[in-house]
Protein chains: 2
Amino acid sequence: MTLKKVSEARCFGGAQQVWSHESAATGCTMRFGLFLPPQAAAGRVPVMWWLSGLTCTEENFVVKAGAQRVAAELGIALVAPDTSPRGVELPGDRDSWDFGLGAGFYVDATREPWSRHYRMRSYVVDELRALVAGEFPVDDARTAMSGHSMGGHGALTIALSNPGWIRSVSAFAPIASPLRCPWGEKALTGYLGDDRAAWAAYDATELLRTRGWAGPPILVDQGGADPFLANQLKPELLEQACADARVPLELRRQAGYDHGYFFVSTFIEDHLRRHRAQV
Amino acid sequence: MTLKKVSEARCFGGAQQVWSHESAATGCTMRFGLFLPPQAAAGRVPVMWWLSGLTCTEENFVVKAGAQRVAAELGIALVAPDTSPRGVELPGDRDSWDFGLGAGFYVDATREPWSRHYRMRSYVVDELRALVAGEFPVDDARTAMSGHSMGGHGALTIALSNPGWIRSVSAFAPIASPLRCPWGEKALTGYLGDDRAAWAAYDATELLRTRGWAGPPILVDQGGADPFLANQLKPELLEQACADARVPLELRRQAGYDHGYFFVSTFIEDHLRRHRAQV
């Protein structure tokens with residue numbers, strides 16, 4: 001594994017870095033953001049992974065969320081992966097902003113040609129997890145995860161599928177159920193095919209019913225002025241699934257907030273403090 | 001004056017807006033960012049203007065600095081103008097990143113063809129000031145100014161030239177003396193011509209000596225790992241000019257920080273609290 005440091009800048013007494021590496025899971029060069037708080041100089045620190053939404057790269061959260069201030073205070077590292085393979089040039093991968101580049105949906109594709117590279121689930125859960133734990137002063141046993149929109153779906157489904165790894169999970173405006181929204185139907189049809197039974201492993205509401213969640217309450221912030229609220233995100237489906245599965249959910253509807261990073265930046269501090277207390 | 005709202009998003013209980021308008025000073029459509037804290041709903045609030053550096057638009061500070069959190073707490077508005085005229089297509093205005101587009105240097109050009117549009121000093125000090133004070137719930141009598149790099153030069157020179165307007169000034173990694181650095185020499189030659197006597201009105205060290213500063217101490221943060229420190233920024237010239245003029249300067253050399261917005265975001269809170277107490 002050859003890690004290459006793309007950039008590093010001092011930030012709130014810690015270090016905001018971007019790294020690149022050749023990924024076996026995705027068969028291409030991948031980048032991720034890593035913030036190491038000052039406390040990491042003295043030993044391993046807990047870590048929050050952040051999964052970004054449609055069109056994002058590893059950069060959006062790093063530049064826009066303002067999370068480093070709180071992470072530096074709390075002594076928690078931040079890992080921000082990219083949202084899809086890059087540079088693999090599959091037919092149609094640039095045709096739309098909600099499929100292909102920037103839209104990996106945190107699944108392992110099974111349909112050609114996507115199955116050769118679009119393996120973001122394995123990339124995050126196996127490859128990047130091992131790399132980060134092996135190469136940096138982060139404590140893998142104290143991992144939280146959060147994410148935004150498509151990345152909120154990613155955080156929820158990865159946590160529910162990997163409760164031995166993710167000890168605390170939250171989300172901002174997550175896609176509650178890819179089985180039941182246009183973004184999810186398009187992406188999962190493309191990556192997994194028409195058999196919806198195969199989609200259930202990547203649907204938070206299905207995973208809540210089949211696997212439950214014994215971790216701390218799930219925190220979800222959802223903007224009330226989010227243009228994707230009714231048609232794509234559908235937090236009421238998450239609410240119902242949590243109620244059915246008796247999983248504690250704190251769903252906060254934040255009046256007036258939209259889907260962007262001004263919304264994320266406003267509430268990221270709450271999420272970080274919650275995760276720090278729970279991992 | 002026709003103001004057009006380009007965008008608005010709720011942020012820390014306030015509103016982050018971008019506006020556009022036809023500018024008489026620059027003869028083109030200009031944009032600026034405006035953050036209104038929650039307190040602006042109840043009446044006029046003090047305001048900090050932010051002048052950005054080379055290559056920036058109105059967007060950089062708005063998206064990257066994380067200033068809205070503190071501004072919302074303190075009840076201070078934030079105004080972030082663009083750094084040059086846009087869309088005027090002068091010969092050579094895209095040839096370099098340190099002259100022309102994104103590099104207005106906050107001067108009124110006197111040389112053709114720049115003098116027709118590159119009038120960023122008048123734009124900020126006369127036109128945009130009047131527009132903001134007239135159209136939004138900000139208290140022009142309680143105005144602070146800060147900026148970064150070229151915008152730090154802008155903030156210092158505008159404050160020193162307009163002490164009746166700017167009651168408190170600070171800067172991040174400012175160009176201390178355009179008369180004595182390559183960026184300044186190139187830009188001022190291009191905008192003002194070869195007669196260096198005309199440059200003095202746009203040089204903070206000269207203005208300190210000729211006009212002084214009776215306001216509160218000037219706060220300057222400078223990254224110790226800033227690649228432009230020795231050749232372009234030269235804070236020691238500012239230090240010497242303040243000493244000569246008996247103007248109190250707090251110059252903080254921040255070890256390890258570079259020239260970017262991770263540096264700005266780390267220390268913007270200090271500047272905002274200082275300004276809020278002084279305006």
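In chain B, helix α3 (residues 120-135) packs against helix α4 (residues 150-161) at an angle of about 55°, their axes 12 Å apart. That angle makes α3(B) oblique to α4(B). Keep in mind that this is a predicted model. Below, we stay with that helix pair for a moment, then move to the chain A sheet, the helices lying across it, and how the two copies relate.

**The α3/α4 pair in chain B**
- As for handedness, α3(B) passes α4(B) in a right-handed crossing.
- On the α3(B) side, the contact comes from B:R121, B:V124 and B:V125, and α4(B) answers with B:T157, B:I158 and B:S161.
- Sorted by character, the residues of that contact come out as 3 nonpolar, 2 polar and 1 charged.

**The sheet in chain A**
- Chain A has an open sheet of 9 strands with mixed pairing, and the order reads β1-β2-β3-β5-β4-β6-β7-β8-β9.
- The edges belong to β1 (3-11) and β9 (249-254) of chain A; each has a single partner strand, so one side of each has no neighbour in the sheet.
- Going from one strand to the next, the twist averages 20°.

**The β1 edge**
- β1(A) runs antiparallel to β2 (residues 14-23) of chain A, and 8 bridges join the two.
- Looking for a landmark in this pairing? A:K4 has A:S20 in β2(A) as its bridge partner.
- The hairpin of β1(A) and β2(A) has 2 residues between the strands, and A:F12 takes a positive phi near 50° there.

**The β9 edge**
- Here the pairing is parallel: β8 (residues 218-223) of chain A and β9(A) pair over 6 bridges.
- Within this pairing, A:Q222 has A:R253 of β9(A) as its bridge partner.

**Helices lying across the sheet**
- Helix α8 (residues 235-245) of chain A lies across β8 and β9 of chain A, and runs at about 160° to β9(A).
- Helix α9 (residues 261-278) of chain A lies across β4 (45-51), β5 (77-81), β6 (138-147), β7 (166-172), β8 and β9 of chain A.
- Relative to β7(A), helix α9 of chain A runs at about 165°.

**How the two copies relate**
- A turn of 180° with a shift of 0.0 Å along the axis lays chain B on chain A, with an RMSD of 0.0 Å.
- That is the relation of a two-fold axis.
- The copies meet through the same surface, because 100% of the interface residues of chain B are also interface residues in chain A.

Key: Residues are numbered from 1 along each chain as its sequence is written. Chains are lettered from A and ligands numbered from 1 in the order in which they are written. This is a predicted model: local features need pLDDT of at least 70, side-chain atom pairs count only at pLDDT 80 or more; totals for chains, interfaces and linings use all residues. Side-chain values use heavy atoms; hydrogens and water are left out. Two strands pair if DSSP finds at least two bridges between them. Helices (H or I, at least four residues) and strands (E, at least two) are DSSP runs, numbered from the N terminus. Axes are lines fitted to C-alpha atoms, for helices over the stretch in contact, and angles run from 0 to 180 degrees between N-to-C directions. Contact means heavy atoms within 4.5 Å. Angles under 35 degrees count as roughly parallel, over 145 as roughly antiparallel, 65 to 115 as roughly perpendicular and the rest as oblique. A crossing is left-handed if the near helix is turned anticlockwise from the far one by less than a right angle, and right-handed if clockwise. Ala, Val, Leu, Ile, Met, Phe, Trp, Tyr, Cys and Pro count as nonpolar, Asp, Glu, Lys and Arg as charged, and the others, Gly among them, as polar. Copies are superposed by least squares on the C-alpha atoms of residues with pLDDT of at least 70 in both.
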